[in-house]
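Here's a quick tour of a few spots worth a look in this model. Have your viewer open as you read.

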Amino acid sequence: MVVLGLNAFGQNPAAALVVDGKLRAFSHEERFNRLKSSHSLFPSQAASWSLKSQGIDIAEVDKIAINWDCHKYPFTILRNFASIAFKGILGKKPDSGIRSAGDGMGNVIRYINTYRPSNYRSMLYAALRECGCRGPLPEVVYVNHHLCHAYQTYYQSGFDDALVLVADGHGEESCISGYTVRDGKFTRILHYPIPYSLGWFYGGFTAYLGFHANRDEGKLMGLAAYGEAGKDDNPWLKRLDRILKVKRHGFELNPYYFKMGGNYHHARYTDALAKFITDYDADLRPIGLGEKAEVDGKITNRYLLPKYIELAYAAQTRLEEALQALVTNMVGQSGLKKVCLAGGIFMNCKANQVISQMPQIDEVFIHPASSDDGSAIGAAYWVSRQLGADVRDPLRHVQYGAAFGNDEVKQALDICGVEYQALDDPAATTAKLLSQGKILGWFQGGAEMGARALGGRSIIACPTQETIKEQVNSRVKFRENWRPYCPSLPMENRQEYLQSSAHQPFMIRADQATQLLARQAPAIVHIDNSVRPQTVDHEVLPLWHRLICETGKLTDVPVLLNTSFNIRGEPIVNSPYDAIRTFFSTGLDALVMGDFLVLKQGSKRNWQ
Ligand SMILES: [Fe+2]
């Protein structure tokens with residue numbers, strides 16, 4: 001049984017191929033077409049590659065699973081929004097969320113047209129024809145969006161009975177859905193409808209601070225950590241009650257300030273939010289993309305002004321509190337203590353840390369591709385299960401993307417006219433280079449799903465050097481110096497380096513560094529002493545594990561600085577050609593691809 005799951009025409013298009021209920025291939029369209037996020041596109045290359053990699057023709061696909069229930073469009077969606085708008089007209093409070101939701105009707109009409117079933121299927125079939133698919137095409141099945149997220153995280157968690165919390169921008173009608181799963185039966189026990197979206201809340205503040213919403217939420221999270229020291233005097237922690245008030249078992253959100261409000265100041269927040277903030281402090285106006293200011297006598301990004309950091313800290317804290325309240329609610333209702341999380345909100349490592357540490361919870365599984373990309377997996381699981389497959393499929397690694405053998409790597413190097421060396425032991429050679437302070441590109445096995453590089457397409461360095469973070473920023477990644485880098489370390493070393501001692505294979509939740517880690521590897525510890533670790537199991541990723549251990553033998557610190565193999569604003573490299581191009585357009589010292597080493601001849605940093 002073959003099901004092709006798709007996230008198409010929206011954020012981060014992706015394809016997931018599920019065969020007999022198990023994930024066989026997954027890829028993001030951006031990795032192939034090199035357009036970051038590839039918003040609104042069809043995942044044509046990702047779908048073609050997924051099928052080809054498994055030797056499957058489109059004629060052998062039983063169903064195509066779509067991660068949106070388009071049958072909800074237009075009638076159910078239109079009815080809901082009309083209802084909200086009508087109630088708003090009758091509403092008494094001028095900034096009532098109910099009243100303001102009606103102002104978003106224009107957006108709704110646009111969505112309705114794109115997502116109505118016949119239009120969506122026509123666009124999808126046309127795109128498949130452009131991919132070269134001939135003959136009859138598989139039936140298209142539309143699946144409830146939040147159920148897709150729920151299926152992706154639950155069935156890859158390995159848990160039996162559990163809670164599932166889904167939180168993102170929005171589904172067809174929902175912004176938050178909570179489920180119990182008992183004996184494989186999903187029962188919804190928690191629901192926040194549109195427009196009460198924590199995703200829109202966080203995206204609004206992301207945009208307010210001059211970042212790209214739906215892409216740069218991680219920057220807001222990273223910036224918030226700088227507000228930890230001044231939290232006791234932060235005025236916004238209380239003032240944000242007007243916008244998002246957290247209660248013991250949930251929250252009240254006034255969506256008038258965000259996407260569903262009127263008088264757009266910005267697509268993600270309204271003039272009302274700007275007024276609310278600047279009424280208190282006129283200096284805290286919305287920040288334009290790339291806007292600068294003077295901080296401590298230096299010209300730098302405006303969002304680094306302490307007042308904006310306070311705002312970021314308050315938004316992050318309020319999000320964490322709201323999510324904790326939801327989990328408290330669900331645990332209280334059900335008595336279940338294992339929790340699965342998915343939806344774009346749960347790309348937030350700090351919030352995931354807070355949830356993971358809640359005393360009411362025994363275990364947490366956070367899907368590493370929690371945004372809409374990964375919901376393509378859930379769509380395929382849902383349809384596979386309808387067809388009778390056992391879809392329990394615990395996730396051990398994320399390298400389900402394009403893979404290239406040594407023959408293909410060598411061919412790419414030859415075509416590009418690049419000098420290279422064949423290596424007997426790539427891990428040992430790479431460890432030696434790392435111990436010498438070099439920054440390397442590391443390209444091995446399949447490309448990762450999700451936003452993190454976990455040993456397949458990584459830029460790596462030894463984090464013990466004081467200046468290595470600045471070097472990686474200034475000559476390789478070209479990104480902001482205040483943002484943290486992540487560590488990869490052997491699973492067996494987690495107790496000495498991580499306060500929680502938890503095995504965290506997907507770099508999706510934060511932890512606190514032990515004093516030892518902060519002292520030995522300062523380059524990967526953030527301002528608030530947090531880290532976003534990957535703990536590596538030698539049985540799952542033997543080469544990656546060995547590289548870290550070999551480096552540790554030379555440096556006494558078995559920890560790597562591990563960041564994704566791309567430069568700022570570009571997708572992670574996918575093919576050997578992408579890696580070669582990125583290698584030569586940055587200050588990387590060396591590139592290890594498969595069993596081959598490429599050096600930068602004539603480099604001023606000649607280290608031979
Ligand atoms: Fe979603």
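What follows covers a helix, a helix pair, a sheet and a single histidine, all in a predicted model.

## Helix α8, wrapped up

Let's start with α8, which spans residues 198-208. Of its 11 residues, 11 are buried, so the rest of the structure largely encloses this helix. Among those buried residues are the aromatics Trp-200, Phe-201, Tyr-202, Phe-205 and Tyr-208, along with glycines such as Gly-199, Gly-203 and Gly-204. Who does the covering? The elements over the buried residues of α8 include the strands β7 (174-182), β9 (244-247) and β10 (250-253), plus the helices α9 (217-224), α11 (271-280) and α12 (306-334).

The ends of α8 are worth zooming in on. At the N-terminal end, Ser-197 acts as the cap, with a side-chain oxygen 3.2 Å from the backbone nitrogen of Gly-199. After the helix comes Gly-210, and its phi is positive, near 90°.

## Where α9 meets α12

Two of the helices that cover α8, namely α9 and α12, also meet each other: their axes come within 8 Å and cross at roughly 105°. That makes α9 roughly perpendicular to α12. On the α9 side, the contact uses Leu-220, Met-221, Leu-223 and Ala-224, while α12 brings in Ile-309, Ala-312, Tyr-313 and Gln-316. Sort the residues of this contact by type and you get seven nonpolar, one polar and no charged.

## An open sheet of eight strands

Further along the chain there's an open sheet of eight strands with mixed pairing, running in the order β15-β24-β23-β16-β17-β22-β18-β21. Its edges are β15 (421-422) and β21 (534-536). Each of these has a single partner strand, so one side of each is left without a neighbour in the sheet.

Inside that order, β17 (residues 457-461) and β22 (residues 560-564) pair in the antiparallel sense over four bridges. Ala-461 sits opposite Leu-561 of β22. Helix α21 (residues 576-584) packs on the sheet, where it touches β16 (440-443), β23 (590-593) and β24 (596-599). The direction of α21 makes about 170° with that of β23.

## His-28 and its neighbours

Last stop: His-28, in strand β3 (residues 22-28). Is His-28 buried or exposed? Its relative accessibility is 1%, so His-28 counts as buried.

A polar atom of the His-28 side chain lies 2.9 Å from the backbone nitrogen of Gly-450. Leaving out residues up to four places away in sequence, His-28 touches Asn-12, Pro-13, Ala-14, Ala-46, Asp-373, Glu-448, Met-449 and Gly-450.

Methods. Residues numbered from 1 in each chain as written. Predicted model: local features only at pLDDT ≥ 70, side-chain atom pairs only at ≥ 80, totals over all residues. Heavy atoms only, no water. Buried < 20%, exposed > 50% of the residue type's maximum accessible area, 1.4 Å probe, protein only. Contact = heavy atoms within 4.5 Å. Polar contact = N/O pair within 3.5 Å; in protein donor to acceptor, adjacent residues only side chain to side chain. Axes fitted to C-alpha atoms, helices over the stretch in contact; angles between N-to-C directions. Parallel < 35°, antiparallel > 145°, perpendicular 65-115°, else oblique. Nonpolar A, V, L, I, M, F, W, Y, C, P; charged D, E, K, R; others polar. Pairing = 2+ DSSP bridges.
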